[in-house]
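Work through these exercises with the model open beside you. Try each task before you read its solution.

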Amino acid sequence: MTSTRCLTPVAFAIALALNLAPSLGSAQTAPTAAAAKKAATAQVRKVALTTNIVDGKMVYVNAKGQVNPTIVAEVGDTVEIVLQSGEGAEHDLAVEGLNVVSKKVNADTGPATLRFQVTKAGTFSYYCTIPGHRQIGMEGKLEVKGTTVEAEKAVQKNAPGPEALYTPAAAMAPALAGAVSIAADPSAVPPAVKAAGPQKHQKRIETVELVGQLDDGTTFTYWTFDKQVPGPMLRMKQGDTMELTLANAKSSKMIHSIDLHAVNGGLGGGEHTQVPPGQEKTITFKALNPGLYVYHCATPLVPHHIMAGMYGMILVEPEGGLPQVDKEFYVMQGEMYTTRPIGAKTHQEVDFDKMAAELPQYYVFNGAVGALTKEHKLKAKVGEKVRIYFGVGGPNKISSFHVIGEVFDKVYDEASLTAIKHNVQTTVVPPGGAAIVELTPQVPGNYLLVDHALSRTGKGLVGILEVSGQAEPGVYSGVSDPNAAHGH
């Protein structure tokens with residue numbers, strides 16, 4: 001392993017003088033002449049780059065419209081890059097291997113200028129350091145032609161070995177102060193639409209990036225719809241029309257959007273709702289198909305946006321509505337890919353390699369560990385008919401949804417309102433899919449909501465349905481000694 005760095009003019013002169021010190025003969029003055037000649041021909045290479053979204057990717061674009069253009073320079077040249085955020089989100093530009101990075105830019109900052117001299121030849125990547133941006137397309141090449149200058153060669157030759165350069169892993173940073181709860185209340189289900197005939201609905205949702213409580217002593221920077229995970233449940237009837245406005249908070253660093261699986265056309269709305277920070281966009285759609293549908297952010301890197309909390313559901317009831325029940329709940333499952341293991345008392349960061357490999361550290365109901373055990377238990381009474389609207393945000397894993405201690409009286413398989421099954425123990429729900437389950441508890445107690453891939457309970461995936469009231473006679477007894485049941 002070698003260490004490389006750019007030298008200041010003074011340091012360069014000193015290093016060059018040391019190389020020449022042994023002799024002042026004509027044979028030793030050639031490098032000085034070559035260096036002087038090189039300095040005389042050095043140029044300032046000016047490049048203007050604007051960030052934008054092209055073909056679904058976030059990229060740098062130059063004045064000619066070229067995407068992630070290759071920047072060409074000669075050893076000794078000065079490179080000057082003027083960077084501007086074209087869509088308003090936060091970006092920067094770093095050059096790998098040269099230890100240079102620009103200031104961050106967004107809609108409010110205006111452009112930033114990055115200026116540096118290149119002293120070694122080679123091909124170097126330039127990219128955005130904002131998490132996820134490099135992975136979704138913000139990367140280009142800087143090609144430096146020529147011969148590495150003598151001073152730089154000397155630095156490389158005398159560089160310390162791998163042992164001297166080794167540094168231990170960074171200490172674990174503490175959880176961030178001021179974190180808030182993002183766990184959506186499962187009882188926050190909008191009422192059924194009672195009015196007859198087609199209705200027009202208006203809904204405004206704001207995308208907000210905030211520091212939330214992932215677990216006790218653990219925080220995470222969530223990206224949300226209306227500051228909650230999952231986002232607010234939407235409800236309408238088949239034939240109704242919705243005017244949906246998506247606003248992106250001015251404090252956001254990312255562009256956000258919404259793709260509703262219930263929408264026909266426009267990439268589910270994702271095509272026309274790519275909203276920069278501080279702006280908003282509106283779409284109108286008609287609900288053609290009844291069912292329970294997932295919605296999510298559709299801005300690259302889509303799995304990142306979903307994993308960070310940007311998912312929710314919309315219920316489209318048939319024209320006559322769904323049968324009435326006593327209690328309705330809204331629950332969604334997701335997985336989270338973090339740099340530290342579950343239980344670490346830290347501010348967790350996204351691990352893109354784990355996300356690509358589909359190896360989550362956490363599984364969660366409603367966005368956080370303990371969301372449905374400590375903060376928001378589902379509550380019902382014996383004999384009440386309970387309906388759970390259940391979905392999987394994902395972005396990757398299938399759920400085998402099960403309630404320990406109950407049997408589903410009815411399951412709307414894959415959330416199709418025409419595909420009804422009865423007496424089901426566990427139902428399979430794919431990522432980006434949903435199901436509606438109904439049950440009627442006959443015995444009081446705590447019933448556990450789980451994914452029957454049960455190792456996931458140890459990674460945070462547990463909820464509680466708390467049932468109160470008097471047990472129906474003969475259904476269940478916890479008495480293990482049959483004589484004790486008869487008073488013997």
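Strands here are DSSP runs of E with at least two residues, numbered from the N terminus. The model is a predicted one.

**Exercise 1. Place G110 in the chain and decide how exposed it is.**

Step 1. Find the strands on either side. G110 sits in the loop that links β6 (100-101) to β7 (112-117).

Step 2. Recall the cut-offs. Buried means under 20% relative accessible area, and exposed means over 50%.

Step 3. Apply them. G110 has a relative accessible area of 23%, so G110 is partly exposed.

Step 4. Look across the fold. Q84 is 26 residues away from G110 in sequence, yet their C-alpha atoms are 6.4 Å apart in space.

**Exercise 2. Work out the strand order of the open sheet that contains β5, and name its edge strands.**

Step 1. Read across the sheet. Its five strands run in the order β3-β9-β8-β5-β6. The pairing is mixed.

Step 2. Pick out the edges. β3 (71-74) and β6 each pair on one side only, and these are the edge strands.

Step 3. Zoom in on one pair. β5 (residues 94-95) and β8 (residues 122-127) are antiparallel and share two bridges.

Step 4. Match residues across that pair. A94 faces Y127 of β8.

**Exercise 3. Is H376 buried or exposed? List what it touches.**

Step 1. Locate the residue. H376 belongs to the loop between β20 (362-365) and β21 (378-381).

Step 2. Check the area. H376 has a relative accessible area of 17%, which is under 20%, so H376 is buried.

Step 3. List the contacts. Leaving out residues up to four places away in sequence, H376 touches A183, A184, D185, P186 and A371.

Step 4. Look for a polar contact. A polar atom of the H376 side chain lies 3.3 Å from the backbone oxygen of A183.

**Exercise 4. How many disulfides does the structure hold? Then classify C128 and C297.**

Step 1. Recall the bond. A disulfide is a covalent bond between the sulfur atoms of two cysteines.

Step 2. Count. The structure holds zero disulfides.

Step 3. Classify the cysteines. C128 is buried because its relative accessibility is 1%. C297 is buried too, at 0%.

**Exercise 5. Summarise the whole protein in numbers.**

Step 1. Count the elements. The protein has seven helices and 29 strands.

Step 2. Give the buried share. Of its 488 residues, 48% count as buried.

Step 3. Describe the surface. About 22,700 Å² is exposed, and carbon and sulfur atoms supply 53% of that.

Methods. Residues numbered from 1 in each chain as written. Predicted model: local features only at pLDDT ≥ 70, side-chain atom pairs only at ≥ 80, totals over all residues. Heavy atoms only, no water. Helix = DSSP H or I, 4+ residues; strand = E, 2+ residues; numbered from the N terminus. Buried < 20%, exposed > 50% of the residue type's maximum accessible area, 1.4 Å probe, protein only. Pairing = 2+ DSSP bridges. Polar contact = N/O pair within 3.5 Å; in protein donor to acceptor, adjacent residues only side chain to side chain. Contact = heavy atoms within 4.5 Å. Areas by Shrake-Rupley, 256 points an atom, 1.4 Å probe, with all protein chains shown as cover. Disulfide = S-S within 2.5 Å.
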